[in-house]
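Grab the model and work through these short exercises. Try each one on your own before you read the solution.

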Amino acid sequence: KLWLLVSLRLGRVRCVHGPRRRSEQPGDVVVGGSFTIFYLDEVSLLKFTSPPAALTSLNLNIWGYLVTQGLVFATEEINRDSRLLPNLTLGFSIWNSGDLVSGALREAMAFLTARRNPSNYMCQASPLRVALVGDTRSAVSIPLARLLGLYKFPQVSYSSTLAGLSDKTQFPSFMRTVASDLTSSHMVAQLVLHFGWSWVGILAQDDDYGQQGSALVIQELVQARVCIEFNLHVPSQESLEKTHAIIHRMKVCTAKAILVFLSNKNFQLVLQGLLGSGVVGRIWVSQDTLHSMLALAVPGISQVLQSSFGLKLLHHRQVPGFLEFLTHLHPARTPEDIFTQRFWEVTFGCTWPSRSPGPAENSTGTGGIRFCSGNESLTGHEYPFQNVSNLHLAYPAVYSVAHALQDLITCEHGDGRCADTRRFQPWQILHHLRKVHFKTPDGKDIVFDANGDIVTEFDILQGQKTPEDLFHFVHIGTTDHRSSSGDRVTIHWTKEEPQVPSSACSTSCTPGFSQIPQQGAPNCCFECRPCPEGQFANQTDMKWCLLCPMDQYSSHARDHCLPRTENFLAFDEPLRLTLTSAALTLATLALLVLVVFLKYQDTPVVRANNRAVSLTLLVSLALCAICPLLFLGHPTVATCLLRQTTFAVVFTVAVSSVLAKTLTVALAFRVTRPGGRVWVCLGPGISTSVILVASLVQVILCGIWLGTSPAFPHRDMASEPSHVIVRCHEGSRAAFSYVLGYLGLLAGGTFSVAFFARDLPDAFNETKFLTFSMLLFCSIWVAFLPLYHSAHGKATVAVEIFSILASTAGLLCSIFLPKCYIILLRPEWNTPAHLRN
């Protein structure tokens, strides 16, 4: 890795500038003169050779060199601006930290104590030291920030992201133009939530960067109920044994989304270990795009990234003119700059003759070495990382220091006192640096928060595979942590929206199913169970099913509720029309028989069959026939009160009339002498008394029923899922049982009397007809009871209506049709002589 540290020095324009000179020695590079930026990083370049193992170091050093050029570009751009820092010139000094804490502290102390003075200017006084830009890695920036914080000396880092550096108590002079791990981790978590990944894995470096970054993401994801399959800590120092264990764990994991908090080297080791393992389709998500660019340079790595894409966060836009600035680099312009010579060699794959041990007579030297001619052109040449990585990282840092100097000189955002450009204290420039707010020439808004962190948004880049089996990064969206939680991630696909891979422990539960957690597994691992009857789930991955409203029922798929239909014998149903027609027909028949009996009431047949009781029986049978009309239609309070009581009373009258007729016949043949006690029972008022007493008992029972717990309309929601059964609730079950029980007892007694009198010598076989009618009546109602209790809905009402009509028809036909046959068709039988015979 390459780590950069820069210093700023301030002086007057009247200083005489020497040529810009570069040296391989740290601390010797100075450009400008008026004031100087101190820039520290590892900027040495390695010559690329054929072994792929050198690829990582080579790419990193090229990246570091190009970032250094971003500092040079920003400095020269500021010096050309007549409005920013007029009459002053910005210079810089580049130092090599070697990616070591000791190297960074040594070079920083040398800069602060002026033990090494730049020699490319000639001024009367040493230029003022303004600020330090760097270092890249947080582990190196922390000791520097502690040292510089003692003197309130401004330090602006462009790549140190450790969240702890935001603590102004420990690091009072530290600023940065990059988002902290806290912000970046929050945006990574928002990205995970936006794409609905509920099952993720984490690869974290075993250092402050990896542990803090992963801990922040885990905390936020756990609160959002996202499950972490694994959180593997990759050792900072190379350990083949631990790395192999991590790679083996990666091979068996099921999470598709992998959050990366690794160094470039460790990230490559993991990907290389997965080559040929069959692991495909992973989604690699990190806070920077440099990881993936380095990984994609490894031969064959596309096997691991096949049918997957990575979403990366970027926080800078391309600076206009910077790539054109790079095309003008040439070793001849700065012959003392060995970095440019090595960059030239790496870019064009050649060697400068002066660096070759042999003679350089031809373009190709001994051993196949190709020499650089100097005629190569960088115009149109694609540099490594130029499309995806932040080569101009130091660009906003330099501008921040320049605007702080501008505010210091013009007394803006200050306490009313202007600073002398030849003498000021470090805390003064730090005071103004914290309050800068400006836009860079590339249009980026620069402002720092109270912790010295830049307030920024992120760009989301997606690695897409081309038909040529290459990967390139496409900008697909933005994130902004300042927005509300629902608007922090915005995706705008440039072409047809691709299929975003899912990352879940269990297959998503479709509507109609609910999640059932697996015992001992995380909450993201579950089974899908269909919703039971009366419940529904109208969304995906619902934790539990919802109850349908009382007037609705769940659909067959259990994904929504449907309105229930009311179930009752409506007037427009065929069954209702059939039962109504049968009831009216039977009532008409009973009335016709009544008319016949009234017309022929003085004939022997009518008089011999107890004319008054027969007429009463016919009237009650007519009422029994029309009684089912109360059971049809939508139940109301009135119909519920009348239907069962009316049925019980009229049938009691009918059965008691049959009992009176049966008793009269049976007792008539038991009379042996006039004036006996049995003869008293044959008086004209006895039959009427039997009917009245029997009916009165039933009326009393019905009155008690209506007075204590009457029937009422009821909507039954439980019997049928898709219907609301509208029926009459009988109120008191005991009272209803008593009423039916009394009617059954009366019918059973009547049948017994008729059965024992069936063989009496009745001329018109009256007892046989009465016995048969009561047998038919009792059979119908015995069969009615189980059918009534097993039926549901309107079938219950239909069963009761059918029983009423059938029993009424049985009594009417069994008792009166034979008599009507004699009266109407056999009048010769309807004579006293025939009766006496």
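**Exercise 1.** Work out how much of residues 577-600 is helix, and how far apart the end C-alpha atoms lie.

*Solution.* Start with the secondary structure of this predicted model: residues 577-600 are 96% helix and 0% strand. Next, take the end C-alpha atoms, which lie 34 Å apart. Then check the annotation: an unreviewed UniProt entry lists 577-600 among its transmembrane regions, along with 769-789. Residues 769-789 come out at 100% helix and 0% strand, with 31 Å between the end C-alpha atoms.

**Exercise 2.** Decide whether alanine 638 is buried, partly exposed or exposed.

*Solution.* First place the residue: alanine 638 belongs to helix H17, residues 637-668. Its relative accessible area is 44%. Buried would need under 20% and exposed over 50%, so alanine 638 counts as partly exposed. Now look across to phenylalanine 712: the two are 74 residues apart in sequence, yet their C-alpha atoms sit 8.5 Å apart.

**Exercise 3.** Find the strands that pair with S28, and give the sense of each pairing.

*Solution.* Take S26 (residues 565-567) to begin with: it runs parallel to S28 (residues 723-729), with three bridges. Here asparagine 567 faces isoleucine 725 of S28. Move on to S27 (residues 712-716), which pairs with S28 in the antiparallel sense through five bridges. Within that pairing, arginine 715 has valine 726 as its bridge partner. Finally, trace the connection: six residues separate S27 and S28, and the two strands make a hairpin.

Conventions:
Residues are numbered from 1 along each chain as its sequence is written. This is a predicted model: local features need pLDDT of at least 70, side-chain atom pairs count only at pLDDT 80 or more; totals for chains, interfaces and linings use all residues. Side-chain values use heavy atoms; hydrogens and water are left out. UniProt positions are given in the numbering used here, feature names are shortened, and annotations may be inferred rather than shown by experiment. Helices (H or I, at least four residues) and strands (E, at least two) are DSSP runs, numbered from the N terminus. Buried means under 20% relative accessible area, exposed over 50%, partly exposed in between (1.4 Å probe, protein chains only). Two strands pair if DSSP finds at least two bridges between them.
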